[in-house]
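This report addresses a buried-or-exposed assignment, the contacts of one side chain, and the make-up of a pocket lining. The sequence and structure are shown first.

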Amino acid sequence: MKRLWRLQVVLSWVLAVVLGSVHGHVRRQWGEQVPRESRPHSVTITEFGAVGDGRTLNTLPFQNAVFYARSFADKGGAQLYVPKGRWLTGSFNLTSHLTLFLEKDAIIMGAEESSQWPIVEPLPSYGQGLDLPGPRHRSLINGYNLTDVVITGNNGLIDGQGSVWWNWLRSHELNHSRPHLVEFLYSEEIVISNLTFLNSPAWSIHPINVKVHNVTIKTLLDAPLTDGIVPDSCLNVCIEDSTISVSHEAISVKSGWDKYGISIGRPTSDIHISRVDLQASSGAALAFGSEMSGGISCIHVDHLRIHGSDKGFSFKTTPDRGGYIKEVVISDVEIDGIRVAIEFIGNLSSHPDDDFDPSELPVIDQITLKNMVGTNISVAGVLSGIDGDPFTAICLSNLSFSITDSAHSSPWSCSNVSGYSESVFPEPCSELYAPFSNSSICFSLPSYSALAVA
């Protein structure tokens, strides 16, 4: 009877849409919203026919449950509860004013059949998919033009079962670019917390305007090109108290690719990353670019632990890309077991197509790295700007790196860069401590707490 009543509500809502009589809800301010942990309405995925045996496909139950929850958008929202079990599903969309809650030992599993991940257009700011020209597979859990969405739980899991996608990529059998686990586009007031994300086919979390708190992200360390969290053409992102261990880049900050990113014009700004443990076996623990044509600025990073990675920090671009990376401060970092601690590179020549503008030169300016201790490091830094377009105001302060690889003639290598350094060991390149340079060129942000008060 209860299920029948809910079915009637869904059918009534559909009829209202058809008749054009659904009233738009009044958008609340953040502080006026119903607390997310106490949504006034709640449904369980089993009420829509889902079976948590790890074999039954539950794509339709998830889609129907979200559709039903949408009817409560103007009534304080709803919670979709996922109990203990192994819930196999294809891709599904979320709705505004929704909490997706995974109980302890609840696992949402991505289906291994590519047909369960629909084909969608590439991101407008990229012009093509991650792996191939043309369309891409839609992510497992999606949000588009949403407000006030929470994905949380009692340490439940979301497992993309990405190995089949990795094998297709390695064997060149992909027909379209791989999907991500969670993606939000053009959305705001998004919270992701208290969950573990495993084995994404590509990126684990591709967020817009999101707070990520107390999550664990893992893939196999030999999985091809898997990233953890990718803030991309977005504002006001906070990543805190989390652990990320992937193959390619643990956190990668981006803002669009060549003319596509320039034309969309959505910069990435106001990003705070704090108290995060990072590992990226074949890439950088924290990367900026190389897709940065929309611009990246105002980034505050502190209290990181980086280990077992190819690189610690990587700032990447190429001629013809346009855009900028500027006003970045990274502080209070422990590094261990890294090949290159700090990398700036200006010659990544990849482009989505041949229609790029050679006059669009990127700007890398006002990057401050301070208060870092590193052990078991092969190379302290490789800083290589662009001939005729040097990287400027790169500032290093209070860095101490223990270099273990004596095969390198110098722990630092620099070209086409300028900046300032103080209290850095080993002594950096002359470009960073020349007599004419001083700390006045350096950028530093006020504390995050001060920003919050302001």
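## Basis of the polar contacts

A polar contact is a pair of N or O atoms within 3.5 Å; within protein, one atom must be able to donate a hydrogen and the other to accept it. The model examined here is predicted.

## Arg178 and its surroundings

Arg178 belongs to the loop that runs between helix 3 (163–170) and strand 13 (182–185). Its relative accessibility is 2%, and because buried means under 20%, Arg178 is classed as buried.

Two backbone oxygens are placed against polar atoms of the Arg178 side chain. That of Pro201 lies 2.7 Å from such an atom, and that of Pro224 lies 3.1 Å from such an atom. Both prolines also appear among the contacts of Arg178 when neighbours within four places in sequence are set aside. Other residues in contact with Arg178 include Leu130, Asp131, His137, Trp165, Trp166 and Leu169, together with Ala202, Leu225 and Thr226.

## The largest pocket

The largest pocket has a volume of about 460 Å³. Its lining consists of 26 residues, and those nearest the centre are Leu130, Trp203, Lys254, Trp257 and Glu291. Strand 9 (136–137) and strand 15 (203–206) are the elements that each give two or more residues to this lining.

By residue class, the lining of the largest pocket comprises seven nonpolar, ten polar and nine charged residues. Domain 1 (39–211) and domain 2 (249–448) each supply at least three residues to the lining.

Leu130 links the two parts of this report: Leu130 is in contact with Arg178, and Leu130 is also one of the lining residues nearest the centre of the largest pocket.

Key: Residues are numbered from 1 along each chain as its sequence is written. This is a predicted model: local features need pLDDT of at least 70, side-chain atom pairs count only at pLDDT 80 or more; totals for chains, interfaces and linings use all residues. Side-chain values use heavy atoms; hydrogens and water are left out. Helices (H or I, at least four residues) and strands (E, at least two) are DSSP runs, numbered from the N terminus. Buried means under 20% relative accessible area, exposed over 50%, partly exposed in between (1.4 Å probe, protein chains only). Contact means heavy atoms within 4.5 Å. On a 1 Å grid over the protein atoms alone, a cavity is a set of points where a 1.4 Å probe fits but cannot get out, and a pocket is an open set with protein on both sides within 12 Å along at least five of seven lines; lining residues have an atom within 4 Å of a point. Grid points are joined across faces, edges and corners, and a volume is the space filled by probe spheres set on the points. Ala, Val, Leu, Ile, Met, Phe, Trp, Tyr, Cys and Pro count as nonpolar, Asp, Glu, Lys and Arg as charged, and the others, Gly among them, as polar. Domain bounds come from an automatic or database domain assignment.
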